[in-house]
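Here is a set of questions and answers for working through one protein chain, step by step. Keep the sequence and the structure in view while you read.

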Amino acid sequence: MYWLPCQGFLHPDTTYKEIQEGTFDPVVAAAVCGITAVFVSPSDSGGEFGVKCSAHVEMYLFQNIYKFSDDLLVLFALSITFNLIRGEFAKLWQSFGVASRLMLGLRVNWDVLPQNQTFAQQECLRRIAWQLFYLDRMLAGGYEEYISCRAENMQIALPCSEAAFRENRPINAERLYDKPGSHPSTINLHGYQLRLIDLRHRIQVLQNELTRFHMSLPPEILLSDQTVAKYMASPERAGYVFLHTHLAVSHIDLYRFSLPGQRDKVSVEILRKLPREFIARSQKQAVAHAMCLGRFCDAIQNEVDQMHDTGKLKLAGDHSTFQMSTQCVRVLLVALQYGLYRDIADVTTAPLWRSVEVDEAHIRFLIDSVQRVTRPWCDILNVAQQAYNHNATLVEDFSKTRKVADQRAAVSMFGSKSEGSTRFPGPDAILESIATGKPEEYHSRMASHSPSDSTRWLGSHPSSPTPNMFATKTGTQTTEASQGDAAPGIPLFLAQARNRPGSATQDPLTYDAENSLMPMGDLDAVLPDTNPLMNIEGVPMSGMHSGDPSMFQQAIPQPSAGFLMAQQSVFGGDVFMEHYMNRQHGQGGYSQPPGGY
């Protein structure tokens, strides 16, 4: 129990001593027994005993809700853990709300702790506050609107080193955004878990923002063969191409931190701390969106080439299109080098675009398609010619060496990398801000010369979906939908909590190997054995284990590996993603027959 995610808040030696002396708080003992019964005796008898213990704890909490005590905070933390294991998500959601308010009321998160307590006792309360921080992000599922324990309000040290805690020895441990100290570290494994959880939540928020934007697009703008033909023959051609090229590149920007040789590559030390499966899926996402962009380039240039006797250059897109080309070509070449284009359809949010067999020849065809769109601009803009030549050199060098040149060592034809505030940072900036202990640099980069842009990126709430997105045709339902337009989507755990007990739609929440990111996996399914990523970047990643272990069950479960790092997926498992995919499959030639992509 102690080493479950962010659960190590009971001091082991003190707990054992009080048990031996018979002074251990009986209500806390019941809460501990309720949790451990699931692990010690996962049979029905053990489950029944755990439920009885939990009922006793919940009755005590209800009868003492009028008190404002840190003793209740301990019981809430244990009760929440039991309900999480049991899959009692309605209880979990509501009891977490009370516990987080109690924590804030006691000001534990601001390190306002009783002065008459020992260091170990104060550390216990700090660790409970961090447990609530962890649960908050798990329940929010990437929606910033549901966050209660905000990172900027967690003005306490991360869980300190095990030696200091067990020895009751005061120590100044690192905080969430402090620069990591020298070894031996002042924090323990729980502290590293918390930094990873905070990072993953922020990446989820970025993914949800992109998905939310895509949902706001009307059907007549969504990517399909029909809309390509329509807009490429209309005066709105440039705007349509701009929209879909930048949307694809925005997704590539979000995930390219995971690819080797990128300009904004995250340090090897940080990558080692990320779940291998998370990195693998991020790589697949970047490649899939680059493939989608390549196919889009082929489609729009084909439409333009079919226009005869126009008296104009056959230009697809606008003057910004070629600027996207180098990044797309580089990602596709990386995909060739590491075989990242294989089995990609099931793990991506990229629009499904034409069912074709994906092999090296097809990837090279997509690269040529990107170059085809860039080529006509070479007669107009010198920088477009430079981009075209640069891409051609990348392809030629790869054909000779089967390796992509490290982007960080290359000189950009567009000049030096901008350090100004006009470039919005991606996950690489988030990761580096954590590693360097300078979150203010990350926030300063989020600023913009435009106040509206600053509001968009720095505001406490992301922009909501477009009005009437889910409105129905009936009058009363339309009114109800329009009143809730400002509300965010429904995270996975909230959706489970909102289901009525016994409802036919209330299925047990199970671990999905295709959607869950947090369980540590390996990369054999992503990177070929003959050319592992670690040979290039030094990151030890080898072997991804398949399977579908259970994460949660409504019945008394036997704990599994999935439970240990249970998190909602960045790439699926929420209302936004379900709606996103449903819209794509409804787009005629836009959907993908089995076996494609």
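Q: In which helix is the place of Asp136?
A: The model shown here is a predicted one, and in this model Asp136 can be found by following the chain to one of its numbered helices. The helix that holds Asp136 is H6.

Q: Is Asp136 buried or exposed?
A: A residue counts as buried when its relative accessible area is under 20%. The relative accessible area of Asp136 is 2%, so Asp136 is buried.

Q: Which residues does Asp136 touch, not counting residues up to four places away in sequence?
A: Contact here means heavy atoms within 4.5 Å, and residues up to four places away in sequence are left out of the list for Asp136. What remains is Phe96, Tyr146, Ile147, Ser148 and Cys149.

Q: Which residues touch the most other members of the largest nonpolar core?
A: In soluble globular proteins, nonpolar side chains tend to be buried together. The largest nonpolar core in this model has 65 residues. Those that touch the most other members are Leu73, Leu78, Val108, Trp130, Leu132 and Phe133.

Q: Which helix gives the most to this core?
A: Several helices give two or more residues to the core, among them H2 (26-40), H3 (44-63), H4 (70-86), H5 (89-106) and H6 (119-140). With 13 residues, the helix that gives the most to this core is H6.

Q: Which residues does Leu78 touch, not counting residues up to four places away in sequence?
A: Leu78 is one of the residues that touch the most other members of the largest nonpolar core. Once residues up to four places away in sequence are set aside, the residues that Leu78 touches are Met1, Phe9, Leu10, Val28, Ala31, Val32 and Ile35.

Q: How many residues does another core, lying apart from the largest one, have?
A: This other core includes Val249, Cys297, Ile344 and Val404. Its number of residues is 52.

Q: Why is Cys33 too far from Cys53 for a bond?
A: A disulfide is a covalent bond between the sulfur atoms of two cysteines. For a pair to count as a disulfide, the two sulfur atoms must lie within 2.5 Å. The closest cysteine sulfur to that of Cys33 is in Cys53, and the two are too far apart for a bond because the distance is 5.4 Å.

Q: How many disulfides does the structure hold?
A: The pair of Cys33 and Cys53 is too far apart for a bond, and the count for the structure agrees with this example. The number of disulfides is 0.

Q: With which residue does Arg150 form a salt bridge?
A: The structure holds 23 salt bridges, and in the one formed by Arg150 the closest N and O atoms are 2.5 Å apart. Arg150 counts as partly exposed at 21% relative accessibility, whereas its partner counts as buried at 19%. That partner is Glu144.

Q: How many residues apart are Glu162 and Arg166 in helix H7?
A: The side chains of Glu162 and Arg166 meet in a salt bridge, at 3.1 Å from N to O. Glu162 is buried, with a relative accessible area of 15%, while Arg166 is partly exposed, with 32%. Both lie in helix H7, and their separation, about one turn of the helix, is 4 residues.

Q: Which residues are linked with Glu162 and Arg166 in a network of salt bridges?
A: The salt bridge between Glu162 and Arg166 belongs to a network that links these two with other residues. Those others are Asp111, Glu123, Arg126 and Arg127.

Q: What value is phi of Asp111 near?
A: Most residues other than glycine have a negative phi, and most peptide bonds are trans. Asp111, which lies in the loop between H5 and H6, has a positive phi. Its value is near 65 degrees.

Q: Over which residues, with 54 contacts beyond four places in sequence, does pLDDT stay under 50?
A: The mean pLDDT of the protein chain is 74, and 68% of its residues reach 70 or more. Where pLDDT is low, the predicted coordinates should not be read in detail. This caution applies to the stretch with 54 such contacts, which is residues 445-485.

Key: Residues numbered from 1 in each chain as written. Predicted model: local features only at pLDDT ≥ 70, side-chain atom pairs only at ≥ 80, totals over all residues. Heavy atoms only, no water. Core = buried A, V, L, I, M, F, W, Y, C linked by side-chain atoms within 4.5 Å. Buried < 20%, exposed > 50% of the residue type's maximum accessible area, 1.4 Å probe, protein only. pLDDT = per-residue confidence, 0-100. Salt bridge = Lys/Arg side-chain N within 4 Å of Asp/Glu carboxyl O.
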